[in-house]
Amino acid sequence: MNKKEFQVFFQYLLPKLEDVLFITVLSMCFFLGARMLSIDSDVGRHITLGNYILETKDIPNKDILSHTKFGESRPPYEWLSQLFFAIAHKLAGLDGVILFCSIIIAFTFLLIYQETIKNNHAPLLSIGLTILGIASSSIHWLPRPHIITFVLLFIWVKQLEKFRTDSTQKIWIFPIIILLWANLHGGFIFGFLSWFAYFAGSIWEKLTKGIESKISTLAYIGFFSLIASIITPDGWGNWIAVFSNNSQYILQNTAETMSPNFYQAGMLPFLLLLGLTIVIPLLTNTQLHAGQIFLLAGMTMMSLLMARNIPLFTVIAIPILSKCINTASLHPTFKKIETNIFSLQSQLKSQWIFIAIIFTAFFVINNYANRQTSILQFNPNVFPVQATKWLKDFPQAGNMFNEFNWGGYLEYQLYPHQKVFLDSQSDFYGEDLMLKYSQILSADSGWQDLLETYQVKWIIISPNTPLATELQTNSNWILAYQDQITVIYQRSK
């Protein structure tokens, strides 16, 4: 092998740091798939609705999954994500869905790393910041449409920053992003919050420094993006759904909408990132634009209010931090190392990311085609896996009462033959029904009347609940099925 051939071999076969990062995150997400499927069963609801859209060519804007809210308005603000989930499920079962989510997450942090290294030309520092972001955000990696907001929020804010610094940036890109986002996930509201931070920041810069900040053009961006946000199957329904999710009872009794618990070890990376976000701009004396400061402050507050917003804070914070630390601020020894690695990285032309996606997709799809079952499954120690097998052999008549966290799984397994009492989309079911659900499950006074009101004929719950204990001695109910995870009771009369 001569020198030229060796250089070609070197350029195309040696992976870049970004290749290693992408493949590592992709692999980590996929192998964490079993854990993701153990936390909640929301993915079952998304697959079920996606399958309905595929099969009927109709996007439902009313509830079709429950008997308690059947026919009521249920804005389909995630319909496009649900369609992608259903296609992935058709190709490779639950493995396909987890792989799809893994690619989205890995792609998000690939973009973050690329933006970070673009800002500071320091590969090792960029990798360190990105890994900290990965560790911080991993607490809310779940196979649900919200992961698409990770990548779209990054793209949106990058375009806002590009618009701020580049006079040639086209404004038509913003309504297009929002049009897509509003049909993928309700997190599009964070796009408008980010826009407002930049809009308010531009006004501040104008008032305090006299800097021309394209305020009028930003207003046009906001207006046309607002128009784009209602081009959905339910028009303004997406906005109504977002602002209707304000029940303090629901928010305070749902783990992901509660404030982060810093006594948990998993919160330490976020705590470190939060500290760096405060300290680094001060130590480096970096003059951030007011819009960036407002955005960081807003996302910090949102992440402290609700743990599920931590990944979004990460997406915002890492690129801004990377602008505060560059090779010029490093010790000469570290600066030389970073400069040499950056020079080496710029010579590489490997395609390992593309190869990894193709290889993994082929393996997952081929395995599913041959085995007709997924490697990854819902955890039988968490969900009523054996019970639903029994229910398929012995289907029950009439309305069911089910555990909240099992709703998506029951929809995944039993729809359209059975409709649930409720699933974990608590904002749709509302505080009143959630309180009634809690009253029934706790066997509080009046629980039997509520079951009569909703004409419940059978119940599927955990044997460790107060309701299960009460049903054991209640002559109106007969035990039809039991295992370690589930009991099923039928009404006797």
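Biologist: Before we look at helix 7 and helix 10, what makes two residues count as a contact?

Modeller: Contact means heavy atoms within 4.5 Å. Keep in mind that this is a predicted model. By that cut-off, Trp 156, Leu 160 and Phe 163 of helix 7 meet Thr 217, Leu 218, Ile 221 and Ser 225 of helix 10.

Biologist: What classes of residue make up the contact of helix 7 with helix 10?

Modeller: Five are nonpolar and two are polar, with no charged residues.

Biologist: Why is helix 7 called roughly antiparallel to helix 10?

Modeller: Helix 7 (residues 146–165) and helix 10 (residues 215–229) pack at about 155 degrees, their axes 12 Å apart. Angles over 145 degrees count as roughly antiparallel, so helix 7 earns that label against helix 10. As for handedness, helix 7 passes helix 10 in a right-handed crossing.

Biologist: On to Ala 88 in helix 5. How do you know whether Ala 88 is buried or exposed?

Modeller: Its relative accessibility is 12%, and buried means under 20%, so Ala 88 counts as buried. Leaving out residues up to four places away in sequence, Ala 88 touches Gly 93, Gly 96, Val 97 and Phe 100.

Biologist: How far apart are Ala 88 and Gln 413?

Modeller: In sequence, 325 residues; in space, 17 Å from C-alpha to C-alpha.

Biologist: And helix 11 (residues 237–244), which residues are buried there?

Modeller: Gly 237, Asn 238, Trp 239 and Ala 241 are. Their cover includes helix 8, helix 9 and helix 10.

Conventions
Residues are numbered from 1 along each chain as its sequence is written. This is a predicted model: local features need pLDDT of at least 70, side-chain atom pairs count only at pLDDT 80 or more; totals for chains, interfaces and linings use all residues. Side-chain values use heavy atoms; hydrogens and water are left out. Axes are lines fitted to C-alpha atoms, for helices over the stretch in contact, and angles run from 0 to 180 degrees between N-to-C directions. Helices (H or I, at least four residues) and strands (E, at least two) are DSSP runs, numbered from the N terminus. Angles under 35 degrees count as roughly parallel, over 145 as roughly antiparallel, 65 to 115 as roughly perpendicular and the rest as oblique. A crossing is left-handed if the near helix is turned anticlockwise from the far one by less than a right angle, and right-handed if clockwise. Ala, Val, Leu, Ile, Met, Phe, Trp, Tyr, Cys and Pro count as nonpolar, Asp, Glu, Lys and Arg as charged, and the others, Gly among them, as polar. Buried means under 20% relative accessible area, exposed over 50%, partly exposed in between (1.4 Å probe, protein chains only).
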